[in-house]
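This report is written for a reader meeting the structure for the first time. Please keep the sequence and the model in view while reading.

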Amino acid sequence: MVSYEKHSLPNGLRILVHRDDTTPMAAVNILYNVGARDEDPERTGFAHLFEHLMFEGSKNIPDYDRRLQHAGGENNAFTTNDITNYYLSLPAQNLEVAFWLESDRMLGLAFSEEKLATQKNVVVEEFRQSFLNQPYGDAGLLLRPLAYEIHPYRWPTIGKDISHIQEATLEEVRQFFHAHYHPGNAILSVSGNVIPEEVFRLAGKWFGELPGRKTPQRKLPAEPLQRKQKRLVVQREVPQHQLIMSFHTCSRLHPDFHATDLLSDVLANGDSSRLIRKLVNHKKYFSEANAYVTGSLDPGQLVISARLHKGVDPVHAEEILWKELALLAGEPLGERELEKVKNKVETTHTFSESNHLAKAMNLAYYELMGEAGLLNLQMEKYARVSPERLQKVAAGIFTEKNASVLHYEKANGIKGKEIIQE
Amino acid sequence: MTDRSTPPAIRLTDSIPFIRPQSHLLDNGLTVCFLEGGSEDIMKIELVFLSGSYHQNDPLVAFATTKLLGAGTVKMSQEQISEMLDYHGASLQLNPQKDIVSVGIHLLGKHLRPLLGLLQEILLQPLFPAEELQTFLKNQQQIHIINQKKVQHLARTIFNELIYGEAHPYGYRVKTEDFEGMERESLLQFHRNWFRPANAFCIVSGHLPANTGKLLESCLGSGSWGASEVASPPVYPLISPGSRKVFLEVPGSLQSAIRIGKQLFNRTHPAYHRLKIANAMLGGYFGSRLMQNIRQDKGFTYGIGSNLVSLLRNGYFFISTQVGTGVRQAATNEIYKELHGLRTRPASHSELDTLRNYLSANFLRSFDGPFAQSERLKERLVFGLDFAHDEAYIKELLSVTPEQLMEVAGNYLHEDGMMEVVVGK
């Protein structure tokens, strides 16, 4: 249970505070309600590039990082398809420095051509390091446009292509800031050794004078119901075949989300999960197997991936996986197996409640989803999933026409060949 | 309008919320330390055995022995063990290293009894069944083969071989064929020799149920768990290599991995604290000279850093980055410039002030809560140090001068003595 107090400023900024006396630190999290889904299809990767520019100096403070380090702080940020999230932790007595820094970069950035050029290079190197210069690194880049045709989830947060990053202009940076970086589009949360009234006072002092701007209404195209299975075969210079199957699911906010999440746990969370126990350890088809849900705010995906041992045919491997999925759709889970995945969720959740930074992040994220208090209802929602519900959700998800299947194959002397199977 | 040109006043932390560990020596020779704290019903049990790959007779034996503790015991199959762990929402952290292996478990206090019983079972009675061993080796071999395609991974392993030599366990590079032909007898033997209470300590941290001490004693204090003497570890002489450079071309690379560094010493050396501060200034945090120059000014890389690694019998220093192949030479030149600068260009007042504040807060962060403190305690116990060693670091941090930092850099991080590995193009 994470207790919290909430306050809003007239300019639209929402503030959440959780007090935790067991730590000498304080964590500050600012979530901006903008992600890769809000990008222009010709400027993909922009929200993430912008995140880098947020550290390159603001209206009155040229050196964000150094000022924070000087106060003993440490920080980072991440961009997803849905949000851009900035977080820091510092000794609690220096909390006001965080308000000074964060309010100034919400007030305005010190844009410059030179800094934009440097950070474009940094992001291009990040693109290479994380996606292009790694075995299997581009699998995620291939999967998204296969699974989504219309919705902006069809591109990854790093961007569709390096050229999109290289072509970004300073004018576009300015417009993006104006549209998305203002109090009404942000949620501020603080957790740690702090007094809520003092946090609200600091919020009023530093953020109160920032002008409110109108938040643009999101008009994203809904992904149409998939009526036919999509398949892609690529060949790459990798040591083993990899098989990825991705299925459309509900959104994070849908009542079936918790059942969907538990399905991925039944498949591949822990050594006793079905894919690990049966297909990795017992039958030895795969050297590793994985399953996860994207948990996105618009309808997401449940992704299953496996690396095949030498001699296992990808077509055969796919049949084996389909059989496992049919079992989930065909019969209710035993009580004990369901209890097991719920217990794992409980441990993860309880550990996150001992971490002041995780608590600040969670409060902001659940507030974005409707209300910070939703965080404290999660355990109950998982607990309420019944074997019948789980089976029904599985039957809805694991159908042939709902799947996008990527065969990422070891090249047989042919380099970079791609075949789209109709 | 609020005055935004003047930063709010800051205050350094003057006290560390140190939890004094409660230590007990069990009858069988196992030392147990309790670190109590935290408000949630969560805890961690970690056993550390003072033997790692340094102590093995053949490659990967320490690794396989540790990783396969849960692969089957006298009473339980691999499936039963993983089922029991997962059912109680727990997972094992099996972490084989060069000098030690660590076996940890995170759990909710309410499941302590069954999970301690399980921990006892897998620590005392593992069987390392042949079939599970073969499956494990085959899967690990695949991961190894994939790693051989990563420039960063290659640079790391080649660098270790370069500074320690392939005959030394610290320098040995695992080969693809090492995953073949291992017998379970080697694992049983490694377990028999080194997984002994007198060769270990245990740290229990978190919110501890009232009966924790008793339960632990009944499960891990057993006299039947090899109370006999532990053999003395093998001795491998350290070579002292000169300056050398290795370039490995990987056609088609988009980035080159660069690793520059040298053999040095560990945290028990008298110059360690000061050198650690100098290292932080060079590449130990985002505000460091390497990061500011090579990422933030030049845009050559997504990240660059330097580090001091403490091993039990030695230690080393390295700088590591991945850069676009087109700027590989330019980036390398800048790295050497910064190494040169570390011994010739004094820290400005503002640079040192920021470094001090950042590192002292980081030190505080490393004592934030029982789990963080258990990491610190582990480090002290492995190296035979006490809390006074930690306090000496803070003293050094508050008093060190720019001249002293240049001097220590000149003594130990001179650019002429470095080894260099580049993998890519």
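## Where the two chains meet

In this predicted model, 59 residues of chain B are in contact with 54 residues of chain A. On the chain B side, at least two residues each come from α2 (78-87), β5 (101-108), α4 (130-147), α9 (289-297), β9 (301-310), β10 (315-324) and α11 (349-365). Helix α11(B) makes the largest contribution to that side, with eight residues.

What kinds of residue form this side of chain B? By class, the residues are 20 nonpolar, 26 polar and 13 charged.

## Chain B as a whole

Chain B contains 14 helices and eleven strands. Its C-alpha atoms occupy a box of roughly 65 × 55 × 45 Å along the principal axes. The radius of gyration of chain B is 24 Å, which agrees with the value near 22 Å for a compact globule of 425 residues.

Of the 425 residues in chain B, 44% are buried. Where contacts in chain B link residues at least 6 apart in sequence, 81% of them join residues at least 24 apart.

## Nonpolar cores

The largest nonpolar core has 122 residues, and those touching the most other members are A26(A), L31(A), L90(A), A360(A), A364(A) and A278(B). Beyond its neighbours within four places in sequence, A360(A) is in contact with H18(A), A27(A), V28(A), N29(A), Y87(A), S189(A), V190(A) and S191(A). A second, separate core comprises 58 residues, among them L68(B), A90(B), F136(B) and C219(B).

## A covered helix in chain A

How many of the eight residues of helix α1 (46-53) of chain A are buried? Seven are, and the helix is mostly covered. The buried residues of α1(A) are F46(A), A47(A), H48(A), L49(A), F50(A), E51(A) and L53(A).

The elements that cover these buried residues include β4 (74-79), β5 (84-91), α4 (113-132), α6 (162-166) and α7 (170-180) of chain A. Helix α1(A) lies across β4 and β5 of chain A, and runs at about 165° to β4(A).

## The six-stranded sheet of chain A

Chain A has an open sheet of six strands, ordered β1-β2-β6-β3-β5-β4, in which the pairing is mixed. Its edge strands are β1 (5-8) and β4 of chain A, each of which pairs on one side only. On average, and with direction ignored, neighbouring strands of this sheet are turned by 15° against each other.

Within the order just given, β6(A) and β3(A) are adjacent. Strand β3 (25-32) of chain A and strand β6 (186-192) of chain A run antiparallel and are joined by seven bridges. Y32(A) stands opposite A186(A) in β6(A).

## Strand pairing in chain B

In chain B, strand β1 (22-25) and strand β2 (31-36) run antiparallel, with four bridges between them. Here H24(B) has V32(B) in β2(B) as its bridge partner. The hairpin formed by β1(B) and β2(B) has five residues between the strands, and G29(B) takes a positive phi near 100° there.

Strand β2(B) also pairs with strand β6 (200-206) of chain B, in this case in the parallel sense and over six bridges. V32(B) thereby recurs in this second pairing, where C202(B) in β6(B) is its bridge partner.

Technical notes: Residues numbered from 1 in each chain as written. Chains lettered and ligands numbered in written order. Predicted model: local features only at pLDDT ≥ 70, side-chain atom pairs only at ≥ 80, totals over all residues. Rg over C-alpha atoms; globule rule 2.2 N^0.38 Å. Buried ≥ 20, exposed ≤ 12 C-beta atoms within 10 Å, placed from the backbone. Contact = placed C-beta atoms within 7 Å. Core = buried A, V, L, I, M, F, W, Y, C linked by C-beta atoms within 7 Å. Nonpolar A, V, L, I, M, F, W, Y, C, P; charged D, E, K, R; others polar. Pairing = 2+ DSSP bridges. Axes fitted to C-alpha atoms, helices over the stretch in contact; angles between N-to-C directions.
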